[in-house]
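Work through the exercises below with the sequence and the model open. Try each task before reading its solution.

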Amino acid sequence: MLATALSALRIAFRSVMRSKLRALLTILGILIGVAAVVIVTALGTGVQDKVVKSIQSLGSNTILIISRPAQRSGARGKAGVGGRMTEADGQAILREATSVAAVVPMVSAPAQVVFGDRNTSTAVIGTTRDYLKVRSYELERGEMWTETDERLKTKVCVMGATTAANLFGSVDPVGQIVRIGKYPFRVVGTLERKGQSLGGEDPDDRLLMPVGSFRARVLHLPAGRVWLLMASATDVDTTARAEAQIRAILLQRHNITDEDDPDFVIHTQAEFMQLQEQIFGTLQLLLVGIAVVSLVVGGIGVMNIMLVSVTERTREIGIRMAIGAREGDIMIQFLIEALVLCSLGGLSGTVVGLAAIQAMVVSLGWNMILPPQALIAALATSATIGVVFGFFPARRAARLDPIEALHHE
Amino acid sequence: MEPIIEMVGVEKDYASGPVVVRALIDAHITVNEGEFVAIVGPSGSGKSTLMNIIGCLDRPSRGTYRLAGYDVGSRSNNARAVLRNRLIGFVFQGFNLLPRTTALENVELPLVYRGQRAKHRRAHARAVLAQVGLADRVDHTPNQLSGGQQQRVAIARALVTDPPLLLADEPTGNLDTRTSDEILALLQRLNRERSLTIVLVTHESDVALCASRVITMRDGHVRSDVRQSSPRDAGEAAARAQSEPEPTSARPGGE
């Protein structure tokens, strides 16, 4: 059987070489399909990777706790505005919840920031030092305000990269004084640019200050009251546990007996990530689906050519049968021929796909990642197509009647 | 003498639309080892049908056919393929060599289906090609060979498996008289020297005269079955033609 298969392989190569143009066109069909699969997979994986990274840069273990008025009592207010959540809640969470690494309060308001003859409108955020840790920001220049600043409600601020660029251009903002409303604030540091944003907001267009300073100089709020607490779990995996702990602590502190009607809402990045993955997963599935369709079309091309080949070589099949070829021998001969065509298409398609990926990465700067198993899958798929689409023509050849085949002109 | 072909009441029907054509009717034929049998008859007499059944390419509709003791009628397509490979060497009118394939590879082919190793196959095929006088033509493809040479390659292919039976279907039909005589002389020599059983189908009486026994077919029946005590010696005729001037007629399939 091995000897037959080897000789069939030789016959197959010779037969492919015999009609070069025809073989080339058939191979092209498979080539395009395989190249499409390879490129689309790389593109999809690249995009997904980028999405995951940008979510991680927001802090994938971040938990948002949004205050809202209790639902049962009177008219409902806007989420985040009403409610009874305080900085003390945040401190309690940090103290009691074992899976929470940091908690920062957050109040914010849009405000006009003025420096010399320039001004910009940005989101002013009142928070604490841990904000950088929770949101995964890095300082670019200067330093963060101190705990003393927080206690004394000093007029200091830290700027996002976009805000700094808008106000200062090429001037170093650290040490400069900006005006917010009627109060001067000293810029103590600037944040490193994050650059990517999924929700549409620019993570670099913001101005941070101690929450006490915010309440005193930007927006007058009851002492200790916050709209939003931002917590970070000790790890991505402990996010769910941290969420449960936070919920329990807040329910207890706010004396809420009806668990279904709390005066806060908790969001995690995990939910967001899941949604994103779902969207991109579906998109990639669609693209791969289209690529696979083109591969199937290529397979039909192979089948077509194999049927022509069987008809052309009917007499040869008759001769082979007369001198002792069994049905299986004929079958293997034509299956191998289809397999050779498809494998050549698969190999060249992979090469073309890889070249195209390289070209796109270099010229368009796209993020493309080809997982090695996708490469193996593409080759295996092309071989499978050879067997599947070669099967019918091969069986037709094997089932020919030797007498009729011998007298075929 | 062992009988190699035993046919008892073999019949073959073909459905041709609503009409059933009885191509072969009640054939009783026994051929012993070492015989040289010619089957003659006009076209439509059933000799091709008889040939296909003897060659295990077809199965009888009724009756039993035993080839070297094997009951052919009860065997599957694959089993008959194995029987053909083991017991029969085929020689056809149109040579039926694989195009664009060298003489050596053509002769090797039956051994491929026996699963023999390439080295053995090649050596054996070379030896048999030498026996039919084509030692210097092993790497030629059929279109580089004359009709006579092509038929010699076909005979080598038939002999390479060392079969007990050689089945020749109009082996000289495409050849001129002189080349025909050469091919017939080769067959006679193989029959004489190796006591190879040969069954040859022809419609030329000249060719039939070379056999030791002539079976005449007509309308599906075996009409006569005659032994010839002194068959024509094709070798002698070929030798005589050698001394005469070269015939001017073109050889089909020639160089």
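**Exercise 1. Find the loop that holds Glu170(B), then decide whether Glu170(B) is buried or exposed.**

Step 1. Glu170(B) sits in the loop between E7 and H6 of chain B. Helices (H or I, at least four residues) and strands (E, at least two) are DSSP runs, numbered from the N terminus.
Step 2. Count neighbours: 20 other C-beta atoms lie within 10 Å, so Glu170(B) is buried. The cut-offs are 20 or more other C-beta atoms within 10 Å for buried, 12 or fewer for exposed, and partly exposed in between, with C-beta atoms placed from the backbone.
Step 3. Check the backbone. Glu170(B) is not a glycine, yet has a positive phi of about 45°. Most residues other than glycine have a negative phi.

A note on the model before going on. It is predicted: local features need pLDDT of at least 70, side-chain atom pairs count only at pLDDT 80 or more, and totals for chains, interfaces and linings use all residues. Residues are numbered from 1 along each chain as its sequence is written, while chains are lettered from A and ligands numbered from 1 in the order in which they are written.

**Exercise 2. Where does Asp162(B) lie, and what is its phi?**

Step 1. Look in the loop between helix H5 (147–159) and strand E7 (165–169) of chain B; Asp162(B) is there.
Step 2. Its phi is positive, about 60°, although Asp162(B) is not a glycine.
Step 3. Asp162(B) has 11 other C-beta atoms within 10 Å, so it is exposed.

**Exercise 3. Place Leu187(B) and list what it touches.**

Step 1. Leu187(B) belongs to helix H6 (residues 177–194) of chain B.
Step 2. Leu187(B) counts as buried because it has 24 C-beta neighbours inside 10 Å.
Step 3. Set aside residues up to four places away in sequence. Leu187(B) then touches Ala168(B) and Ile198(B). Two residues are in contact if their C-beta atoms, placed from the backbone, lie within 7 Å.
Step 4. Now try Phe36(B). It is 151 residues from Leu187(B) along the chain, and their C-alpha atoms are 9.0 Å apart.

**Exercise 4. Do the same for Asp71(B).**

Step 1. Asp71(B) is in strand E5 (residues 70–71) of chain B.
Step 2. It has 11 C-beta neighbours inside 10 Å, so Asp71(B) counts as exposed.
Step 3. Leave out neighbours within four places in sequence. Asp71(B) is in contact with Thr64(B) and Arg66(B).
Step 4. His140(B) is 69 residues away along the chain, and the C-alpha atoms of Asp71(B) and His140(B) are separated by 39 Å.

**Exercise 5. How do H3(B) and H4 of chain B cross?**

Step 1. The axes of H3(B) and helix H4 (residues 118–131) come within 9 Å and cross at roughly 120°. Axes are lines fitted to C-alpha atoms, for helices over the stretch in contact, and angles run from 0 to 180 degrees between N-to-C directions.
Step 2. H3(B) and H4(B) are therefore oblique to each other. Angles under 35 degrees count as roughly parallel, over 145 as roughly antiparallel, 65 to 115 as roughly perpendicular and the rest as oblique.
Step 3. Among the residues making the contact are Leu104(B) and Val107(B) of H3(B), and Ala125(B) and Leu129(B) of H4(B).
Step 4. Check burial. In H3(B), 9 of its 10 residues are buried, including Val107(B), Pro110(B) and Leu111(B).

**Exercise 6. How many residues of chain B are in contact with chain A?**

Step 1. The count is 21 residues of chain B, in contact with 18 residues of chain A.
Step 2. Two elements of chain B give two or more residues to this side: helix H2 (77–87) and helix H3 (103–112).
Step 3. H2(B) supplies the largest share, 6 residues.

**Exercise 7. Test the span of H12(A), then locate its bend.**

Step 1. Helix H12 (residues 372–398) of chain A has 27 residues, so it should span 39 Å at 1.5 Å a residue. The expected span is 1.5 Å times one less than the number of residues.
Step 2. The end C-alpha atoms are 38 Å apart, which agrees.
Step 3. H12(A) bends by about 45° at Phe391(A), and Pro393(A) follows within four residues. The bend is the angle between axes fitted to the seven residues ending there and the seven starting there.
Step 4. Pro393(A) is one of the buried residues of H12(A).
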